[in-house]
Amino acid sequence: MSQGLTLPRNTTQQAEKPLHGNIARWLHRITGTVIVLFVLVHVVAQTILHVPGFAGIKAGMPWLPAVQSQHWVHALLYFSIVFHTLYGLKLLISEMGLRMGYRVPLWSIVGLSALVGLREVLRYAGI
Amino acid sequence: MTMEKITVTAEIQRFDPSADKEPHFESFEVTGLANMRVLDVIRSVYENQAGDLAYQFACRIGRCGTCAVRVNGVSVLACQEKCKPHMRIQPLKPFPVLRDLVVDRTEIEARLEELKLAPLRTHEHPGMPEPITPKRAEELCHMDSCLLCMVCVSACPAVEERPFDGPAFMLKLRHMSKHPQDTRNRLDQAVEHGMLECFNCDVCTQVCPADLSPAQAIREFRQELMFGGKRPVEGRPG
């Protein structure tokens, strides 16, 4: 909290700006959901692919092995893991006492997560 | 120097509980100076187009917090917020609407009374100014600049989803907890009033018209909770 005595701002333009906290909150929830969904789908898919008892189901789903090796799925998953981890850590650290803003950390984490996601896309493209 | 003029479209939520079943929007066009505030638009609508429009304002300089409304879904002080070409103006949520843009503040006042936001002293006032460090005085003064406009409470996602009184009340409790003469357990009060439900998203910090950070006040309470006991407060008599 700024310790300077401040008067209210002369003019605000709040309604034109995004509410960073709401963006962060929704991204955190969505990325968490993506991680949980991927783990669920991954467990089910691996079971069908590798357990002999599910060979009948596997035969009826020839597209299944390809689902998990789509570049966009990996990019989304990596983005989600990095964002969810780093933003969660940011929340923990700020609650432990380290003062930090809400704009710069959020967009830094989004940028870093996007880079990791992009790396996956490039890796699939052989770059 | 001539000031540029603009025409804005304001969709204002209208609701008269004695006549309407549901709130509805009425659209108005207002022409004025390009730098007019949302309150100027509302006043122009009231004076020229809809004399029965209910709204509130007092100081017009962002000191009283009376004119708080939602513009395009974001809670703002109408007297401070610059007008936009197209605006959807609504009363603050989640408070009950008395009429049009006026909300019922009865519950707010009741909660403030319940929190007992006056220092509980262990001794009588000595009758002369009590010593306090300049740093502590400045900090208290800064926190005391909260307008209780309820912009933060209206914008807070935790208030909407969880049993949480809202950031403004937490800030007031933190203000009291830092007061050298106050002996009431403000941390317990904060927990009782939903402090742990806060998402730590800082929306309250972003929208606060007085540049305060209720989220930081909540974080300080949480540190106190995690690391145990009330940290020594400067200026508190030993």
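Which residue of β5(B) does V71(B) stand opposite? The numbered points below work towards the answer, beginning with the strand that holds V71(B) and ending with the contact between the two chains.

1. This is a predicted model, and a good place to start reading it is strand β3 of chain B, residues 68–71. V71(B) in this strand stands opposite I89(B) in β5(B), which is the answer to the opening question. The two strands, β3(B) and β5(B), the latter covering residues 86–90, run antiparallel and are joined by 2 bridges.

2. β3(B) also has β4(B) as a partner, and these two strands pair in the antiparallel sense over 4 bridges. Here V71(B) appears again, since V71(B) stands opposite V74(B) in β4(B). Together β3(B) and β4(B) form a hairpin with 2 residues between them, and in its turn N72(B) has a positive phi of about 50°.

3. It is worth following the side chains along β3(B), where A68(B) and R70(B) point one way while V69(B) and V71(B) point the other way. In a regular strand the side chains alternate between the two faces of the sheet. As for burial, all four of the residues A68(B), V69(B), R70(B) and V71(B) are buried, so a charged side chain is found among them, because Arg counts as charged.

4. On a wider view, chain B is divided into domain 1, residues 5–103, and domain 2, residues 106–227. The centres of these two domains of chain B, taken over C-alpha atoms, are separated by 29 Å. Where the domains touch, 14 residues of domain 1 of chain B are in contact with 11 residues of domain 2 of chain B.

5. The hairpin strands return at this boundary, for β3 (68–71) and β4 (74–77) of chain B each supply at least two residues of the side of domain 1 that touches domain 2. The largest share of that side, 4 residues, comes from β4(B). Sorted by class, the side of domain 1 of chain B that touches domain 2 of chain B has 7 nonpolar, 4 polar and 3 charged residues.

6. The last point concerns the contact between the chains, which takes 24 residues from chain A and 33 residues from chain B. On the side of chain A that touches chain B, the elements that give two or more residues are α1 (20–50) and α4 (71–96) of chain A. The largest share of this side, 5 residues, comes from α1(A), and the residues of the side as a whole divide into 8 nonpolar, 12 polar and 4 charged.

How values were computed
Residues numbered from 1 in each chain as written. Chains lettered and ligands numbered in written order. Predicted model: local features only at pLDDT ≥ 70, side-chain atom pairs only at ≥ 80, totals over all residues. Contact = placed C-beta atoms within 7 Å. Domains from an automatic or database assignment. Buried ≥ 20, exposed ≤ 12 C-beta atoms within 10 Å, placed from the backbone. Pairing = 2+ DSSP bridges.
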